[in-house]
Amino acid sequence: MAPAGFLWCVAAAVALLALRGRADEHEHTYQDKEEVVLWMNTVGPYHNRQETYKYFSLPFCGGSKKSISHYHETLGEALQGVELEFSGLDIKFKDDVMQTTYCEIDLDKQTRDAFVYAIKNHYWYQMYIDDLPIWGIVGEADENGEDYYLWTYKKLEIGYNGNRIVDVNLTSEGKVKLVPNTKIQMSYSVKWKRSDVKFEDRFDKYLDPSFFQHRIHWFSIFNSFMMVIFLVGLVSMILMRTLRKDYARYSKEEEMDDMDRDLGDEYGWKQVHGDVFRPSSHPLIFSSLIGSGCQIFAVSFIVIIVAMLEDLYTERGSMLSTAIFVYAATSPVNGYFGGSLYARQGGRRWIKQMFIGAFLIPAMVCGTAFFINFIAIYYHASRALPFGTMVSTLVIPTSGSMLHLFFRYSSFEPCWHNTWTKSFGSAQLSLSSQCCSSSNPREKMVQFMEPAVIVCLGGILPFGSIFIEMYFIFTSFWAYKIYYVYGFMMLVLVILCIVTVCVTIVCTYFLLNAEDYRWQWTSFLSAASTAIYVYMYSFYYYFFKTKMYGLFQTSFYFGYMAVFSTALGIMC
């Protein structure tokens with residue numbers, strides 16, 4: 001099974017890189033005097049990064065130029081609330097523009113109140129020139145909070161290297177007091193300058209090496225590696241010493257006669273050898289979760305590899321678009337592993353298992369997204385998705401489910417019968433599809449560590465190995481940082497896998513040694529409980545590391561953090 005899943009991961013990554021190599025329609029090259037478009041994106045409160053609105057939802061005015069060339073918007077941009085609108089400003093490549101008034105705002109009471117509300121809530125706006133983001137502040141208040149001022153002059157300084165744009169800077173000037181029933185003139189200027197920055201390095205100014213490559217980050221990776229070495233050594237020592245003692249005790253018992261064996265104390269994992277291969281309770285749900293976890297791991301692995309090879313942060317929405325495509329492409333991983341596990345456990349309702357496995361994660365994500373989308377529609381936010389986009393988001397994972405169906409069928413087809421019979425002359429060799437189990441299940445013994453205790457303790461060490469990296473990931477998503485150190489993320493993923501393996505081995509051993517043969521769900525949940533600690537950490541991050549507020553931002557944060565934590569738990 002593992003080679004098949006690995007081959008599908010490699011094939012998906014190769015197909016994705018090939019697709020990305022052909023998908024770029026913008027060459028980012030200009031001729032002298034050629035039009036350069038200034039896109040106005042969104043505006044919103046600084047402390048609520050995801051609460052954004054269309055730029056012209058505030059009573060800004062646009063330039064006089066109305067004609068504009070075609071612009072293509074991707075699915076990832078739509079899901080991230082990118083709302084590009086033409087500014088109307090006339091900008092040409094290498095053509096300087098002196099300070100020019102491009103429009104006039106009639107500041108009536110309603111318009112002034114809108115600007116005052118935006119300034120009170122620290123509204124900022126975002127623009128794009130040649131895919132380079134630019135940020136600016138709407139205005140500011142005086143020290144007493146009585147008078148409010150609007151920045152009216154956009155001073156653009158654009159750097160070029162050859163026929164490419166490599167740098168953009170915005171300076172906001174022209175602070176004008178907001179006085180009702182007056183007119184405010186909006187102006188701009190453009191200054192072109194030659195730059196030595198290479199086109200491939202033009203996004204480096206947006207990165208923050210002092211934050212992501214801080215020695216605390218390196219120390220956390222080193223600390224996690226030490227934890228891995230310690231855990232692997234501890235697990236090896238415990239299992240080798242304990243199992244050696246167990247084997248010695250069982251060998252001694254085999255030398256006893258029946259009377260001595262009956263009078264002796266029987267305990268340990270060997271006593272449940274006839275029960276450990278019994279199917280788990282609720283095998284349909286269990287196999288669906290296992291298949292979904294394998295798919296999430298494949299998606300995570302491929303997306304990180306692609307992000308290491310390609311600078312996904314340089315294109316708007318490319319990371320989200322990549323993840324959606326990879327999820328659809330790796331549906332066979334879900335179908336193969338989940339279906340084969342369900343077949344080995346003697347499952348018969350394979351069609352139901354196929355649909356549950358295929359739509360478990362999409363239903364969870366889309367259900368949360370639709371709920372938050374209703375709040376976004378109420379707020380008229382830019383992240384409110386139209387019906388067509390929501391349908392497109394559902395169609396892509398559904399199309400991937402067709403591959404899921406094929407591999408689900410192929411993994412289940414050899415198990416239509418419980419017994420295979422092969423003829424060798426007159427001899428018949430019967431191979432059972434399941435391992436032999438005792439006819440009567442063993443009664444549960446009183447044990448020191450209940451499964452609930454094992455489950456709660458199992459997620460502590462995996463969470464401890466990743467919680468520092470969680471801080472950097474949260475900051476890049478919920479604050480204004482661009483995550484680019486995907487090598488760190490790959491190391492953390494490997495460390496998480498090793499720690500989770502060690503923890504689940506120990507947890508399963510403790511359970512079996514207590515003569516409880518129902519180990520499947522305990523093994524799964526002891527690793528999945530990592531999600532509980534990650535979600536608890538998200539509460540700490542929200543209240544102590546951010547200044548978020550409002551219904552929309554709060555529901556967006558905790559809704560998607562619940563999805564992220566659940567997916568991480570299923571993957572573990």
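Which residues of α9 are buried? That was my opening query for this notebook, and I kept in mind that I am looking at a predicted model.

**Entry 1: helix α9**

I listed the buried residues of α9 and found S331, P332, V333, N334, G335, F337, G338, G339, S340, L341, Y342 and A343. That makes 12 of the 14 residues in α9, so the helix is largely enclosed by the rest of the structure. I then checked its length. Helix α9 covers residues 331-344, and at 1.5 Å a residue its 14 residues should span 20 Å. The C-alpha atoms at its ends are 20 Å apart, which agrees. Just after α9 I noted G346, which has a positive phi, near 80°.

**Entry 2: the whole protein**

I stepped back to get my bearings. I counted 17 helices and 12 strands in the protein. Of its 572 residues, 46% are buried. I also looked at contacts with a separation of 6 or more, and 80% of them join residues 24 or more positions apart. The exposed area comes to about 29,300 Å², with 62% of it supplied by carbon and sulfur atoms.

**Entry 3: helices α14 and α15**

I ran the length check again on helix α14, residues 486-513. At 1.5 Å a residue, its 28 residues should span 40 Å, and the end C-alpha atoms are indeed 40 Å apart. E515 follows α14 and has a positive phi, near 65°.

Next I asked how many residues of helix α15 (residues 520-528) are buried. I found eight of its nine, so to speak a mostly covered helix. The buried ones are Q520, W521, T522, S523, F524, S526, A527 and A528. What do they pack against? My list reads α7 (283-309), α12 (451-458), α14, α16 (530-545) and α17 (551-571).

**Entry 4: nonpolar cores**

I remind myself that in soluble globular proteins, nonpolar side chains tend to be buried together. Here the largest nonpolar core holds 101 residues, and I91, V138 and I165 touch the most other members. I picked V138 for a closer look. Setting aside neighbours within four places in sequence, I found V138 in contact with V43, L58, F60, F115, I119, Y123, W124, Y125, L150 and W151. There is also a second, separate core of 14 residues, which includes L231, V499, C502 and Y509.

**Entry 5: a nonpolar patch on the surface**

I then turned to the outside. F219, F222, F225, M226, I229 and L491 form a nonpolar surface patch, and together they have about 590 Å² of accessible area. Which helix gives the most to this patch? I found that helix α5 (residues 215-255) does, with five residues. I checked F225, which sits in helix α5. Its relative accessibility is 36%, so F225 counts as partly exposed.

**Entry 6: salt bridges**

My search of the whole structure turned up 15 salt bridges. I looked at three pairs.

- D90 and K65 meet through their side chains, at 3.6 Å from N to O. D90 is in the loop between β3 (85-86) and β4 (97-107), and K65 is in the loop between β2 (53-54) and α2 (75-79), so this pair ties together parts 25 residues apart in sequence. I found D90 partly exposed at 34% relative accessible area, and K65 partly exposed at 23%.
- K175 and E140 form a salt bridge at 3.0 Å, N to O. K175 belongs to strand β9 (residues 164-177) and E140 to strand β7 (residues 139-141), so the bridge links parts 35 residues apart in sequence. K175 is partly exposed at 44%, and E140 is partly exposed at 32%.
- K193 and E157 form a salt bridge at 3.2 Å, N to O. K193 lies in strand β10 (residues 182-194) and E157 in strand β8 (residues 148-161), so parts 36 residues apart in sequence are tied together. Both ends are partly exposed: K193 at 32% and E157 at 33%.

Last, I asked which residues are linked with D90 and K65 in a network of salt bridges. I found E35 and K92 in that network alongside them.

Notes. Residues numbered from 1 in each chain as written. Predicted model: local features only at pLDDT ≥ 70, side-chain atom pairs only at ≥ 80, totals over all residues. Heavy atoms only, no water. Helix = DSSP H or I, 4+ residues; strand = E, 2+ residues; numbered from the N terminus. Expected span 1.5 Å × (residues − 1). Core = buried A, V, L, I, M, F, W, Y, C linked by side-chain atoms within 4.5 Å. Buried < 20%, exposed > 50% of the residue type's maximum accessible area, 1.4 Å probe, protein only. Contact = heavy atoms within 4.5 Å. Patch = residues over 30% accessible without salt bridge, like charges linked within 9 Å, V, L, I, M, F, W, Y side chains within 5 Å. Areas by Shrake-Rupley, 256 points an atom, 1.4 Å probe, with all protein chains shown as cover. Salt bridge = Lys/Arg side-chain N within 4 Å of Asp/Glu carboxyl O.
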